[in-house]
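Below are some notes for a colleague who is opening this structure for the first time. Please read them with the sequence and the coordinates at hand.

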Amino acid sequence: HPAVATLSNPRRRGQRQRLVPRGSSDLGDLAPGAHLYTVGSNIADLCRRQAALIHLFQSIHRYGPHHTLLRHSLSQILSLIQLHDPSQSFEVNHTFTGSLLAAPLVLAAMIATAPDDREQCRQVLVSCGQQMGYADNLTAVERVWAVTDQSGWTVDWRDVLEKEGLMVAFL
């Protein structure tokens, strides 16, 4: 699997997974922009793992957004997103934020209750683009936040979306 950084492989504790392609002496051996996509893809993979935990614990165990495990997964996703350099070209940045992070970011945003967390989620959701699915995601997330803020209680985001006829897209 070609990539350019070294990340922990959770399957092999104590070992490191080499992500620079074999035979490459440095990042210069890769096509222009390839390293950005590959690092972004690895960050997105880690975000998807955390999002899967959010979905699992919400769906099966019925944990709310204030549960320690969910707050930890949200924190991990937001920290991983900060590793990406948004100053890179639009194509690479759009590919990273849009197609690779739609699902993890929506799930993270749905449990975000702190204003700073919400704002970070909003900024990344906006950067995904204005296509219909991405815009619908932002609308749905903001509606869930509004219902939560109006009631003073955390809500099951799936119930809110169903009641209001909204949808999210994991593109």
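Since accessibility is used throughout these notes, the terms come first: a residue is called buried when its relative accessible area is under 20% and exposed when it is over 50%, with partly exposed in between.

1. Confidence. This is a predicted model, and the protein averages a pLDDT of 75, with 65% of the residues scoring at least 70. Two stretches should be read with care: over residues 1-37 the pLDDT stays under 50, and the model has 46 contacts beyond four places in sequence for them. Over residues 87-94 the pLDDT likewise stays under 50, and here the model has 14 contacts beyond four places in sequence.

2. Salt bridges in general. Side chains of opposite charge can pair when their charged atoms come close. A search of the whole structure finds 7 salt bridges, and the points below take up some of them.

3. D149 and R118. These two residues form a salt bridge in which the closest N and O atoms are 2.7 Å apart. D149 belongs to helix α5 (residues 132-151) and R118 to helix α4 (residues 115-127), so the pair ties together parts that are 31 residues apart in sequence. As to their surroundings, D149 is exposed, with a relative accessible area of 51%, whereas R118 is buried, with a relative accessible area of 9%.

4. R122 and E142. The side chains of R122 and E142 also meet in a salt bridge, at 2.9 Å from N to O. Because R122 lies in helix α4 and E142 in helix α5, this pair ties together parts that are 20 residues apart in sequence. R122 has a relative accessibility of 26% and therefore counts as partly exposed, and E142, at 33% relative accessibility, counts as partly exposed as well.

5. D156 and R158. In the salt bridge between D156 and R158, the closest N and O atoms are 3.1 Å apart. D156 is buried, with a relative accessible area of 17%, while R158 is partly exposed, with a relative accessible area of 23%.

6. A network. Which residues are linked with D156 and R158 in a network of salt bridges? The residue to add is R62, which is linked with D156 and R158 in that network.

7. For the reader's second look. When returning to the model, one may follow helix α4 and helix α5 through the pair R122 and E142, and then turn to the network that includes R62.

Key:
Residues numbered from 1 in each chain as written. Predicted model: local features only at pLDDT ≥ 70, side-chain atom pairs only at ≥ 80, totals over all residues. Heavy atoms only, no water. pLDDT = per-residue confidence, 0-100. Contact = heavy atoms within 4.5 Å. Salt bridge = Lys/Arg side-chain N within 4 Å of Asp/Glu carboxyl O. Helix = DSSP H or I, 4+ residues; strand = E, 2+ residues; numbered from the N terminus. Buried < 20%, exposed > 50% of the residue type's maximum accessible area, 1.4 Å probe, protein only.
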